[in-house]
Amino acid sequence: MDAAQQRGGDQRVAISAVHPEALPPDASSPGNHPTFIQFSGTRVAANMASPRTITIVALSFALGLFFVFMGTIKLTPRLSKDAYSEMKRAYKSYAKALPGLKKIGISSVLLRKIIGSLEVGCGVVLTLVPGRPKDVANFLLLLVMLAVLFFHQLVGDPLKRYAHALVFGILLTCRLLIARQSDDRPEREDSREEQHINDQEKNKVKQS
């Protein structure tokens with residue numbers, strides 16, 4: 001019976017709270033660090049997704065789907081023949097307003113396909129690909145939106161024709177700023193932790 005109990009005890013995972021001295025600096029103060037628990041000697045951070053992370057994910061998904069849709073309309077009439085025809089007409093007017101494009105071999109069709117392909121590709125990255133590529137896609141789409149706004153201003157379109165580009169340009173800017181802030185926070189925390197360790201080592205040297 002004792003042997004069976006011992007085997008059963010070996011199979012159970014011991015969960016215990018980590019002692020405050022085992023945590024990083026300032027971990028004892030509430031709200032500064034996620035809660036840590038120990039599974040068979042391994043520390044695991046038991047933290048929920050932060051509002052900032054949820055915001056980035058939601059913006060990435062929504063913006064990605066929007067630009068996949070808009071890029072597809074520029075490339076093919078399968079989704080909407082009327083919208084496709086309108087895009088063809090609009091980019092013809094953009095090419096006429098910029099005669100320099102024709103001199104370097106960029107026709108209205110090529111310009112429309114370049115922008116449409118960028119929107120589809122970057123939209124897929126924003127929706128599906130994790131990590132740094134999202135920020136690169138975000139930046140490229142922001143440049144595309146600036147170019148589109150420039151085209152609309154060049155041909156004198158009213159605000160209602162490019163209001164969507166203005167709104168989504170602002171959303172892309174907000175998403176990029178939030179993402180950059182969340183990337184900078186771990187670096188600052190790591191630098192503070194490293195500085196604290198260096199100070200402890202210097203104190204030990206002085207005491208010895």
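Let's start with the lining of the second largest pocket, where helix H3 gives the largest share, 6 residues. Please keep in mind that we are looking at a predicted model. H3 has company, too: H2, H3, H6 and H7 each supply at least two residues of that lining. The pocket has a volume of about 300 Å³, and 18 residues line it. Which of them come closest to its centre? They are Met-70, Met-87, His-152, Arg-161 and His-164. If we sort the lining by class, we count 12 nonpolar, 2 polar and 4 charged residues.

How do we find a space like this in the first place? Rolling a probe the size of a water molecule over the atoms shows where empty space is left.

Now let's step back to the whole chain. There are 7 helices and 3 strands. Going from the N terminus, the order is α-β-β-β-α-α-α-α-α-α. The chain has 208 residues, and 26% of them are buried. Now look at the contacts with a separation of 6 or more: 61% of these join residues that are 24 or more positions apart.

Next, helix H2, which runs over residues 51-75. Here is a little check you can do yourselves. H2 has 25 residues, so at 1.5 Å a residue it should span 36 Å, and its end C-alpha atoms are indeed 36 Å apart. Its buried residues include Ile-56, Leu-59, Leu-63, Phe-66, Phe-67, Met-70 and Lys-74. You may remember Met-70 from the pocket, as one of the residues closest to the centre.

Let's stay with Lys-74 for a moment. Is Lys-74 buried or exposed? Its relative accessibility is 4%, so it counts as buried. What does Lys-74 touch, once we set aside neighbours within four places in sequence? The list is Tyr-84, Met-87, Tyr-91, Arg-112, Ile-115, Gly-116 and Glu-119. Take Ile-115 from that list: it sits 41 residues away from Lys-74 in sequence, yet the C-alpha atoms are 8.1 Å apart.

Tyr-91 leads us on to another residue, Ser-108, since Ser-108 is also in contact with Tyr-91, along with Lys-92 and Ala-95, again leaving out neighbours within four places. You'll find Ser-108 in helix H5, residues 108-128. Its relative accessible area is 15%, and the cut-off for buried is under 20%, so Ser-108 is buried. From Ser-108 to Arg-89 is 19 residues in sequence and 9.1 Å in space, C-alpha to C-alpha.

Our last stop is helix H6, residues 133-155. The same kind of check works here: 23 residues at 1.5 Å each should span 33 Å, and the end C-alpha atoms are 33 Å apart, so the two agree. Among the buried residues of H6 are Leu-141, Leu-142, Met-145, Val-148, Leu-149 and His-152. When you look at a pattern like that, remember that an α-helix has 3.6 residues a turn, so residues three or four places apart point the same way.

Just after H6, Gly-156 has a positive phi of about 75°. Then comes Asp-157, in the loop between H6 and H7. Asp-157 has 18% relative accessibility, so it counts as buried. Which residues does Asp-157 touch, not counting those up to four places away in sequence? Tyr-94, His-152 and Tyr-162. With His-152 there is also a polar contact, side chain to side chain, at 2.8 Å. And that brings us back to where we began, because His-152 is one of the residues closest to the centre of the second largest pocket.

Notes
Residues numbered from 1 in each chain as written. Predicted model: local features only at pLDDT ≥ 70, side-chain atom pairs only at ≥ 80, totals over all residues. Heavy atoms only, no water. 1 Å grid on protein atoms, 1.4 Å probe; cavity = no way out; pocket = protein on both sides within 12 Å on 5 of 7 lines; lining within 4 Å. Points joined across faces, edges and corners; volume = space filled by probe spheres on them. Helix = DSSP H or I, 4+ residues; strand = E, 2+ residues; numbered from the N terminus. Nonpolar A, V, L, I, M, F, W, Y, C, P; charged D, E, K, R; others polar. Buried < 20%, exposed > 50% of the residue type's maximum accessible area, 1.4 Å probe, protein only. Polar contact = N/O pair within 3.5 Å; in protein donor to acceptor, adjacent residues only side chain to side chain. Contact = heavy atoms within 4.5 Å. Expected span 1.5 Å × (residues − 1).
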